[in-house]
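Student: I would like a close look at a single part of this model. Could you choose one strand, describe its surroundings with care, and then turn to the aromatic rings elsewhere in the chain?

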Amino acid sequence: MDVSQNLAEIKAEIEVACRKSNRNPDDITIIAVTKYVTIDRTEEAVNAGILNLGENRQEGFIEKYNHFGNHVSWHFIGSLQTRKVKDIIDKVDYIHSLDRLSLAKEINKRASAVVNCFLQVNVSGEESKHGIQPEEVIPFIEKLADYTNIRIVGLMTMAPHSADKMLLHKVFRELRELRDKVKQENYQQAPCEFLSMGMSNDFDIAVIEGATHIRIGSKLVGSNM
Ligand SMILES: *Cc1c(COP(=O)(O)O)cnc(C)c1O
């Protein structure tokens with residue numbers, strides 16, 4: 001399937017979800033997750049009008065970055081090893097996977113300008129998932145007050161692999177409620193307006209629950225092209 005056709009289908013689904021939840025589709029950023037695909041296939045996505053690319057590994061990110069440069073916005077979505085921060089930090093536009101203070105410290109130290117970060121939260125409580133616990137979010141953000149190179153622009157989560165729609169709604173709703181709580185505090189270091197949630201199998205539910213950034217790989221660009 002070509003990317004533009006996939007994109008049209010995804011946009012149609014977003015519109016339906018927006019109608020159900022009284023939202024504006026313009027408020028939703030589609031991030032094409034290109035971790036499974038080649039530069040050629042990624043090029044197809046860019047030609048189809050995708051302006052945001054997501055990679056989850058430093059090697060894959062650098063390879064794509066060297067090709068596309070700053071024609072697109074770059075989202076680092078995978079777990080990030082502290083020692084690799086310096087290689088990517090001045091190239092990425094958003095980090096979606098901030099999940100520990102040692103990582104924040106390294107980002108703050110290595111960045112030459114403010115870095116937009118999403119705090120990754122383990123809402124579902126699955127042990128296999130990265131992310132801080134929901135009740136740790138506010139204390140974590142308070143510890144970032146002196147980290148002047150870090151701005152928490154939103155929260156991110158990965159839902160469980162599940163066909164249980166009620167459960168998915170619940171996970172995404174919990175992240176939204178947590179975002180609202182943080183936003184209310186008006187922390188200077190954490191405007192926390194955004195919600196990065198929803199992937200190929202659950203983005204429609206995430207949009208209904210308030211996602212502002214959806215991260216779509218297999219359904220948009222495929223999983224081995
Ligand atoms: C791979 C990945 C995605 C995209 O997954 P699909 O199911 O292929 O859409 C989204 N977010 C993260 C963090 C990922 O690692």
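Tutor: What follows is a description of one strand and its neighbours, and then of a group of aromatic rings. The model is a predicted one, in which local features need pLDDT of at least 70 and side-chain atom pairs count only at pLDDT 80 or more, while totals for chains, interfaces and linings use all residues. Residues are numbered from 1 along each chain as its sequence is written, and side-chain values use heavy atoms, with hydrogens and water left out.

The strand is β5, residues 115-120, where helices (H or I, at least four residues) and strands (E, at least two) are DSSP runs numbered from the N terminus. Six of its six residues are buried, so β5 is largely enclosed by the rest of the structure; buried here means under 20% relative accessible area, with exposed over 50% and partly exposed in between, using a 1.4 Å probe and protein chains only. In a regular strand the side chains alternate between the two faces of the sheet. Both faces of β5 are covered, with V115, C117 and L119 buried on one side and N116, F118 and Q120 buried on the other.

Strands count as paired if DSSP finds at least two bridges between them. Strand β4 (residues 94-98) runs parallel to β5 and is joined to it by three bridges, and I95 has C117 as its bridge partner in β5. Strand β6 (residues 150-156) also runs parallel to β5, joined by six bridges, and here C117 stands opposite I152. The chain passes from β5 through helix α6 (residues 137-143) to β6 in a right-handed β-α-β crossover, which is to say that, with the strands pointing away from the viewer, the path from the first strand over the helix to the second runs clockwise. A right-handed β-α-β unit is likewise made by β4, helix α5 (residues 101-110) and β5.

As for the rings, a search of the whole structure finds six aromatic pairs, counted when ring centres of Phe, Tyr and Trp (its six-membered ring) lie within 6.5 Å, with planes under 30 degrees apart called stacked, over 60 edge-to-face and the rest tilted. F61 and W74 have ring centres 5.5 Å apart and planes at 80°, so this pair is edge-to-face. It links distant parts of the chain, since F61 lies in helix α3 (residues 58-68) and W74 in strand β3 (residues 73-76), 13 residues apart. F61 is buried at a relative accessible area of 1%, and W74 is buried at 0%. Y65 and W74 form a tilted pair, 5.9 Å centre to centre with 55° between the planes, and ring pairs link F61, Y65, W74 and F76 into a cluster.
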